[in-house]
Amino acid sequence: MRARSEEKKGKLEKPANHYKSPDDIVKDKDLSPAEKRQALNTWEQDARQMLTASNEGMEGEQEGLDQRDSHRLGEVVRAKEKIGAKPKPKHSH
């Protein structure tokens with residue numbers, strides 16, 4: 001039972017490590033609607049941070065080696081729309 005709760009915690013805190021795409025979160029029958037929103041919010045926040053960092057020239061060592069390994073922000077936003085969640089508003093600096 002503990003392993004299952006640890007796996008779920010990982011899905012919510014680091015969804016990109018557990019899912020191939022944000023749409024897979026939408027399809028995960030083990031997550032409640034609130035947990036799906038939480039996982040997608042986490043993925044969205046990570047994607048926005050990665051996008052901001054790359055725009056500021058702070059790419060990671062592996063970034064850009066695989067075209068599929070992008071921030072996927074658009075996919076996250078579309079997945080959130082499927083479950084009726086809205087993207088987080090962009091904060092100005």
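## A walk through a five-helix model

Guide: Welcome! The secondary structure of this protein comes to five helices and zero strands. Keep in mind that what you see is a predicted model.

Visitor: In what order do the elements run from the N terminus on?

Guide: With five helices and zero strands to place, the pattern is easy to write down. From the N terminus on, the elements read α-α-α-α-α.

Visitor: How confident is the predictor, going by the mean pLDDT of the protein?

Guide: pLDDT is the predictor's confidence in each residue, on a scale from 0 to 100. In this protein, 73% of the residues reach 70 or more. The mean pLDDT is 82.

Visitor: Which element has the highest mean pLDDT?

Guide: Let's start from the other end: helix H4, residues 33-55, has the lowest mean among the elements, at 90. The highest mean is 97, and that belongs to H3.

Visitor: Over which residues does pLDDT stay under 50?

Guide: Look for a stretch where the model has one contact beyond four places in sequence. That stretch, with pLDDT under 50 throughout, is residues 61-69.

Visitor: Is Ser-21 buried or exposed?

Guide: First find Ser-21 in the loop between helix H2 (15-18) and helix H3 (22-27). The cut-off for buried is under 20% relative accessible area. Ser-21 has 14% relative accessibility, so Ser-21 counts as buried.

Visitor: What is Ser-21 in contact with, leaving aside its neighbours within four places in sequence?

Guide: One of its partners is Glu-75, which is found in helix H5 (residues 73-82). Glu-75 also touches Pro-22, besides Ser-21. The full set for Ser-21 is Trp-43, Arg-72 and Glu-75.

Visitor: Which residue forms a salt bridge with Glu-75, with the closest N and O atoms 3.0 Å apart?

Guide: Glu-75 is partly exposed, with a relative accessible area of 28%. Its partner has a relative accessible area of 19%, so that partner is buried. The residue that bridges to Glu-75 is Arg-72.

Visitor: How many salt bridges does the structure hold?

Guide: The Arg-72 and Glu-75 pair is a salt bridge, and Lys-82 and Asp-23 meet in another. In total, the structure holds eight.

Visitor: How many residues apart in sequence are the parts that Arg-4 and Asp-30 tie together?

Guide: These two form a salt bridge, with the closest N and O atoms 3.5 Å apart. Arg-4 lies in helix H1 (residues 2-13) and Asp-30 in the loop between H3 and H4, so the pair ties together parts separated in sequence by 26 residues.

Visitor: Is Arg-4 buried or exposed?

Guide: Its salt-bridge partner, Asp-30, is partly exposed, at 41% relative accessible area. The cut-off for exposed is over 50%. Arg-4 has 51% relative accessibility, so Arg-4 counts as exposed.

Visitor: How far apart in sequence are the parts tied together by Lys-82 and Asp-23?

Guide: The side chains of Lys-82 and Asp-23 meet in a salt bridge at 2.7 Å, N to O. Lys-82 lies in helix H5 and Asp-23 in helix H3, so the parts they tie together are apart in sequence by 59 residues.

Visitor: Which residues are linked in a network of salt bridges?

Guide: You've just met Lys-82 and Asp-23 as a pair. The network also takes in Lys-27, so its members are Asp-23, Lys-27 and Lys-82.

Visitor: Which helix gives the most residues to the largest nonpolar core?

Guide: That core has 10 residues, including Trp-43, Val-76 and Leu-40. The elements that give two or more residues to this core are H3, H4 and H5. The one that gives the most, with three residues, is H4.

Visitor: What does Leu-40 touch, not counting residues up to four places away in sequence?

Guide: Leu-40 belongs to the largest nonpolar core. In general, nonpolar side chains tend to be buried together in soluble globular proteins. The residues Leu-40 touches are Pro-22, Ile-25, Val-26, Val-76, Ala-79, Lys-80 and Ile-83.

Visitor: Which residues of H1 are buried?

Guide: H1 has 12 residues and reaches 16 Å from its first C-alpha to its last, close to the 16 Å expected. Its buried residues are Gly-10, Lys-11 and Leu-12.

Visitor: What share of the residues in the whole protein is buried?

Guide: The protein has 93 residues, and it exposes about 7,000 Å². Buried residues make up 29%.

Notes:
Residues numbered from 1 in each chain as written. Predicted model: local features only at pLDDT ≥ 70, side-chain atom pairs only at ≥ 80, totals over all residues. Heavy atoms only, no water. Helix = DSSP H or I, 4+ residues; strand = E, 2+ residues; numbered from the N terminus. Buried < 20%, exposed > 50% of the residue type's maximum accessible area, 1.4 Å probe, protein only. Contact = heavy atoms within 4.5 Å. Core = buried A, V, L, I, M, F, W, Y, C linked by side-chain atoms within 4.5 Å. Areas by Shrake-Rupley, 256 points an atom, 1.4 Å probe, with all protein chains shown as cover. Salt bridge = Lys/Arg side-chain N within 4 Å of Asp/Glu carboxyl O. Expected span 1.5 Å × (residues − 1).
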